[in-house]
Amino acid sequence: MELIKISHIYFLGIGGIGMSALARYFLSMGIEVAGYDKTPTRLTEELQQEGMRIHFEDDVTKIPSSFKSASEKSTVLIVYTPAVPRDHSEYVFFNSNGFTIKKRSEVLGMIAATSYTVGVAGTHGKTTTSSLTAHILKTAQLDPSAFLGGITQNYNTNLLLSEQLKNNSIKPLLVVEADEYDRSFLTLFPEIAVITSVDADHLDIYGDESHVLESYALFAKQVKNTLIIKNTIASKIHVAIRKVTYSVIDASATYFAQNVRISNGAYHYDIVTPKAVFTDMTLGLPGLHNVENSIAAVAVAVELGVSEDFIRQALASFKGVRRRFDYHIKTDALVFIDDYAHHPAELKAAISSAKELYPHKKITGIFQPHLYSRTRDFADEFAESLDLLDECILLDIYPARELPIAGIDSNLLVRKMKSGSKMVCSKKDLVKEISNRNIEILITMGAGDIDTLVLPLKDELMKRVKKKKKAAQ
């Protein structure tokens, strides 16, 4: 099926971060868009406001008639995410009635095939790296489109659209977050690719770390021109094309940082490139891992001919990504940060960043484990990362697409932790629990529905901020 012939697109799982970007893309192209998702969210509300028809019940009768008419079948495309079960009644309806059904990754691959594509992959860091890459290219007026795995704070969206999209004579520039889940990134054949990390994850799909690495190696072999890869993993990936390395500190890399320092809550550093040294660059994002992500984004920009001035401007103006060390309260007395971290390495990065920025403050963390299988596979590593906190509150495991696994729950992590301040708390009791604690720095972490608790927690904490202000007057 050619995308140019499509008049209607229906999304099963439209509220996912990747699916919603695709939905926005097709809506911008004048195609009628509708879909289903399990629960309403802030994102699905935004999609509805943009003109998409969305419902939240698995019910064939809720599908708009224009999307299930037999006469329209040749111009209707059904896009689904692997999280949607095969016995879902709407999926069964479309499948049994001969509609064209494609995975999200397949459709993204079809779009990327018509573009000059930069694909950013990695078990950690890919959302920030791809978002910053897109921001640099947009700042440099290269007019990229971008499909991102998070909502950028600069543009308040997960989708950037090139003005050249409808000009068939030009191959537009595209930045794509290349997702390894379900081997989705193997639908992409980018001109330039970045690989930030190849840690074990999604073992419910891959089985073990060797198969994770195998998929990344296959992805790397599909890159057409240049592979930009973190220097510590470069030896694990073999390609025939040009390989460029980057590092936050290792001077043996092609691109690296030096003279890294923190001042006024921001990182300042020099970036050594093959052609020049960009001195005293500024990045407002916390954490040395984000400095490293910025080196990868800068490498892409330099490879595409972006000047130092545009790179300097973009790094300094980049505001980050929603739910990536996302400040909700930032005062001298109290700080509240929300982060998407859901893998042990991500937890370690988020917590270490907080400790680095606030070395003399008590760090209280709330973590919602994501998936029973991930909790089982990395229980020891989760416990080690969570022990970096001064206080830890664990919510119950968010199951996502999984059924419970016997013996695997949040208490397992509590038993493995060495910390003296740890507990499991229900979502309904969380705000009350926090109200009874002396909070200095609070960080919520997880990829499930913990974000729905951010506003109630913020409201509770703001009562203290206002009370202290009033007392000080």
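**Salt bridges and strand pairing in a predicted model**

Arg24, Arg42, Glu46 and Glu50 are joined in a network of salt bridges. The model is a predicted one. Side chains of opposite charge can pair when their charged atoms come close. In total, the structure holds 21 salt bridges.

Within the network, the side chains of Glu46 and Arg24 meet in a salt bridge, with an N to O distance of 3.1 Å. Glu46 belongs to helix H2 (residues 42–49) and Arg24 to helix H1, so this pair ties together parts that lie 22 residues apart in sequence. Glu46 has a relative accessibility of 15% and therefore counts as buried, the cut-off being under 20%. Arg24 is also buried, because its relative accessible area is 7% and the cut-off is under 20%.

A second salt bridge links Asp280 with Arg261, whose closest N and O atoms are 2.8 Å apart. Asp280 sits in strand E15 (residues 277–283) and Arg261 in strand E13 (residues 255–263), so the contact ties together parts 19 residues apart in sequence. Asp280 counts as partly exposed, at 40% relative accessibility. Arg261 is partly exposed too, with a relative accessible area of 37%.

A further salt bridge joins the side chains of Arg437 and Glu433, at 2.7 Å from N to O. Here Arg437 counts as buried at 16% relative accessibility, whereas Glu433 is partly exposed, with a relative accessible area of 21%.

The description now turns to the strands. Strands of a sheet pair through backbone hydrogen bonds, either parallel or antiparallel. One open sheet has five strands in the order E3-E2-E1-E4-E5, and their pairing is parallel. Strand E3 (53–55) and strand E5 (100–103) form the edges, each pairing on one side only. On average, neighbouring strands of this sheet are turned by 20° against each other, direction ignored.

Strand E1 (residues 8–12) pairs with strand E4 (residues 76–80) over five bridges, in the parallel sense. Tyr10 stands opposite Ile78 in E4. Two helices contact these strands. Helix H1 (residues 17–28) lies across E1, strand E2 (32–36) and E4. The direction of H1 makes about 170° with that of E1. Helix H4 (residues 104–112) packs on the sheet and touches E4 and E5. The direction of H4 makes about 85° with that of E5. Helix H1 also carries Arg24, so the salt bridge to Glu46 ties this helix to H2.

Strand E17 (residues 335–339) is mostly covered, with five of its five residues buried. In a regular strand the side chains alternate between the two faces of the sheet. In E17 both faces are covered. Val335, Ile337 and Asp339 are buried on one side, and Phe336 and Asp338 are buried on the other.

E17 has pairing partners of both kinds. Strand E16 (residues 326–330) runs antiparallel to E17, and four bridges join the two. Ile329 stands opposite Phe336 in E17. E16 and E17 form a hairpin, with four residues between them. Strand E21 (residues 441–446) runs parallel to E17 and is joined to it by five bridges. Met445 in E21 is the bridge partner of Asp339. Asp339 is thus one of the buried residues of E17, and Phe336, opposite Ile329, is buried on the other side.

Conventions. Residues numbered from 1 in each chain as written. Predicted model: local features only at pLDDT ≥ 70, side-chain atom pairs only at ≥ 80, totals over all residues. Heavy atoms only, no water. Pairing = 2+ DSSP bridges. Axes fitted to C-alpha atoms, helices over the stretch in contact; angles between N-to-C directions. Contact = heavy atoms within 4.5 Å. Salt bridge = Lys/Arg side-chain N within 4 Å of Asp/Glu carboxyl O. Buried < 20%, exposed > 50% of the residue type's maximum accessible area, 1.4 Å probe, protein only.
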